[in-house]
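User: I've got a chain loaded up here and I'd like to talk it through with you. Mind if I fire off some questions?

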Amino acid sequence: MKNISLDKEPIELLPNIKYIVIDTLYINEIRLEISNLINEDILNAIRSNVFPYTDTPFAEYTPEERVFALDKIKKVDYDQIDPKERNAFSTDSGAIVFVNERIFVDFTSKFDYNELVDSSTELLNVAYWGSVVNNFDLSDIAIIISPGINSGVEFDGSGTYKIE
């Protein structure tokens with residue numbers, strides 16, 4: 001296992017640590033606004049100020065086990081989500097990151113979606129991803145790229161998903 005899943009591989013997370021699960025594309029929006037969000041509850045400030053038109057810009061997930069398999073991500077209709085629950089997220093790009101809540105703000109300042117997808121030969125710029133990850137502990141960050149439609153998992157691209 002490693003901190004990157006390109007073809008349905010499981011990722012490794014730290015049990016009992018809260019992770020923010022978010023589309024990599026959305027992180028650029030947060031980075032642009034983060035300095036304007038002076039709030040002790042930064043996650044709610046991000047939800048209300050950066051993403052005021054959706055209840056599911058990112059999920060908050062605390063694993064009980066180290067191994068996270070993609071079959072824990074279930075596709076749901078947006079109207080089936082309880083806005084008070086924090087286990088659902090939306091994605092447009094089909095590339096999501098799990099970021100330890102403790103380093104989330106720091107991670108957003110170092111990450112750039114455009115750099116991540118700047119590769120003419122790969123799904124993502126692996127060298128860039130490695131340069132970002134090197135700033136943190138390996139188990140603090142993981143990325144999953146949707147394996148696509150007909151892959152055998154529900155996480156097949158854009159949409160709304162729930163982590164079970």
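User: Let's start at a single spot. Is N16 buried or exposed?

Analyst: Keep in mind that this is a predicted model. The relative accessible area of N16 comes to 62%. The cut-off for that label is over 50%, so N16 counts as exposed.

User: What's the phi of N16, and where does that residue sit?

Analyst: Most residues other than glycine have a negative phi. N16 isn't a glycine, yet its phi is positive. As for the place, N16 belongs to the loop between β2 (11–12) and β3. The phi value is near 65°.

User: And N150, where is that one, and what is its relative accessible area?

Analyst: N150 also has a positive phi, about 65°, although it is not a glycine. Its place is the loop between β9 and β10 (159–163). N150 is exposed, and its relative accessible area is 80%.

User: OK, big picture now. How many helices and strands does the protein chain have?

Analyst: The C-alpha atoms fill a box of roughly 40 × 35 × 30 Å along the principal axes. Inside that box, the secondary structure adds up to five helices and ten strands.

User: What is the radius of gyration, and how does it sit with a compact globule?

Analyst: The chain has 164 residues, and for that length a compact globule would come out near 15 Å. The value for this chain agrees with that: 15 Å.

User: What share of the contacts is between residues 24 or more positions apart?

Analyst: The pool here is contacts with a separation of 6 or more in the protein chain. Of those, residues 24 or more positions apart account for 75%.

User: Which residues have the most contacts inside the largest nonpolar core?

Analyst: Buried residues make up 47% of the 164 residues. The largest nonpolar core takes in 32 residues. Elements that give two or more residues to this core include β3 (19–23), α1 (24–33), α2 (42–50) and α5 (126–133). The residues with the most contacts inside that core are I22, I46, F107, F111 and W129.

User: How many residues are in the second core?

Analyst: That core is separate from the one we just went through. Among its members are Y19, I144, V153 and F155. Its count is 18 residues.

User: Back to F111: which residues does it touch, leaving out those up to four places away in sequence?

Analyst: F111 is one of the residues with the most contacts inside the largest core. With residues up to four places away in sequence not counted, F111 touches T24, I27, N28, R31, L116, Y128, W129 and V132.

User: Which elements do the buried residues of α2 pack against?

Analyst: The buried residues of that helix are L43, A45, I46, R47 and V50. I46 is also among the residues with the most contacts in the largest core. The elements that the buried residues of α2 pack against are β3, α1, β4 (58–61) and α3.

User: How far apart in space are E40 and D106?

Analyst: E40 lies in the loop between α1 and α2, and it's exposed, with a relative accessible area of 87%. In sequence, E40 and D106 are 66 residues apart. C-alpha to C-alpha, the spacing is 15 Å.

User: And S131 with D112, what's the C-alpha to C-alpha distance there?

Analyst: S131 sits in helix α5 and is partly exposed at 38% relative accessible area. S131 and D112 are 19 residues apart in sequence. Their C-alpha to C-alpha distance is 11 Å.

User: Last one, for the electrostatics: how far apart are the mean positions of the positive and negative charges?

Analyst: The chain exposes about 8300 Å², with carbon and sulfur atoms supplying 46% of that. On the charge side there are 14 positive and 29 negative ones. Their mean positions are separated by 3 Å.

Definitions and conventions:
Residues numbered from 1 in each chain as written. Predicted model: local features only at pLDDT ≥ 70, side-chain atom pairs only at ≥ 80, totals over all residues. Heavy atoms only, no water. Core = buried A, V, L, I, M, F, W, Y, C linked by side-chain atoms within 4.5 Å. Buried < 20%, exposed > 50% of the residue type's maximum accessible area, 1.4 Å probe, protein only. Helix = DSSP H or I, 4+ residues; strand = E, 2+ residues; numbered from the N terminus. Contact = heavy atoms within 4.5 Å. Rg over C-alpha atoms; globule rule 2.2 N^0.38 Å. Areas by Shrake-Rupley, 256 points an atom, 1.4 Å probe, with all protein chains shown as cover. Lys, Arg positive; Asp, Glu negative; His and termini not counted. Charge placed at Lys NZ, Arg CZ, Asp CG, Glu CD.
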